[in-house]
Amino acid sequence: ERRQRQLACRLCTFAVTGSTFTDQHWYYCYTCGLTQSEGCCTVCIRVCHKDHVASYSRRSRFFCDCGAGGLVARGIHCKALAPRRYVPP
């Protein structure tokens with residue numbers, strides 16, 4: 001529960017870095033089609049892509065495609081661009 005409460009306060013890295021390539025860990029989401037040169041940040045993989053088929057890509061210079069709106073055309077909007085209200089299970 002403590003980890004979920006803390007996660008609710010964390011933002012997608014795109015909220016801070018924008019489209020500036022920044023050294024960070026990032027992940028592929030096969031469910032959403034974020035593969036090859038597209039992916040999502042650590043917060044988005046835990047919030048927006050929770051329970052999706054995903055894998056760790058690497059640490060490198062990157063900006064989060066989830067937060068950048070790369071999935072809006074598919075009806076998927078980043079949930080981590082603003083703090084979220086924690087709701088206990």
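**Sheet, core and aromatic contacts of the predicted model**

Tyr30 is partly exposed, its relative accessible area being 44%. This residue, which belongs to one aromatic cluster together with Trp26, Tyr28 and Phe62, is a handy place to start a tour of the structure, which is a predicted model.

The sheet comes next. Its three strands are arranged in the order β2-β1-β3, with antiparallel pairing, and the sheet is open. The edges are taken by β2 (40–41) and β3 (54–62); each has a single partner strand, so one side of each lacks a neighbour in the sheet. Strands in a sheet pair through backbone hydrogen bonds, and may do so in a parallel or an antiparallel way. Here, β1, spanning residues 22–29, runs antiparallel to β2 and is joined to it by two bridges. Looking at individual residues, Tyr27 has Cys40 of β2 as its bridge partner.

A charged contact also links two of these strands. The structure contains one salt bridge, formed by Asp23 and Arg59, whose closest N and O atoms are 2.9 Å apart. Since Asp23 sits in strand β1 and Arg59 in strand β3, the pair ties together parts that are 36 residues apart in sequence. Neither partner needs to be searched for in the interior: Asp23 is partly exposed at 41% relative accessible area, and Arg59 is partly exposed too, at 47% relative accessibility.

The nonpolar side chains can be considered next. In soluble globular proteins, such side chains tend to be buried together. The largest nonpolar core of this model comprises 21 residues, and Cys40, Cys44 and Cys64 are those with the most contacts inside it. At least two residues of this core come from each of β1, β2 and α3 (42–47). Cys64 is buried, with a relative accessibility of 0%. Leaving aside residues up to four places away in sequence, Cys64 touches Cys12, Thr13, Phe14, Gly39, Cys40, Cys41 and Cys44.

With several cysteines in these contacts, the question of disulfides naturally arises. A disulfide is a covalent bond between the sulfur atoms of two cysteines. Taking a cut-off of 2.5 Å between sulfur atoms, the count is zero. For Cys64, the closest cysteine sulfur is that of Cys12, at 3.7 Å, which is too far for a bond. The sulfur of Cys29 likewise has its closest cysteine sulfur 3.7 Å away, in Cys32, again too far for a bond. Cys29 is buried, at 0% relative accessibility.

Finally, back to the aromatic rings. Six aromatic pairs are found in the structure. One of them joins Phe21 and Phe63 in an edge-to-face arrangement, 5.1 Å from centre to centre and with 65 degrees between the planes. Phe21 lies in the loop between α2 (14–17) and β1, while Phe63 lies in the segment after β3, so this pair ties together parts that are 42 residues apart in sequence. The two rings fall into separate accessibility classes: Phe21 is partly exposed at 45% relative accessibility, whereas Phe63 is buried, with a relative accessible area of 19%. The pair of Tyr28 and Tyr30 is tilted, because the ring centres are 6.1 Å apart and the planes stand at 50 degrees. Here Tyr28 is the buried partner, with a relative accessible area of 16%, and Tyr30 the partly exposed one.

Methods
Residues numbered from 1 in each chain as written. Predicted model: local features only at pLDDT ≥ 70, side-chain atom pairs only at ≥ 80, totals over all residues. Heavy atoms only, no water. Pairing = 2+ DSSP bridges. Helix = DSSP H or I, 4+ residues; strand = E, 2+ residues; numbered from the N terminus. Salt bridge = Lys/Arg side-chain N within 4 Å of Asp/Glu carboxyl O. Buried < 20%, exposed > 50% of the residue type's maximum accessible area, 1.4 Å probe, protein only. Core = buried A, V, L, I, M, F, W, Y, C linked by side-chain atoms within 4.5 Å. Contact = heavy atoms within 4.5 Å. Phe/Tyr/Trp six-rings, centres within 6.5 Å; stacked < 30°, edge-to-face > 60°.
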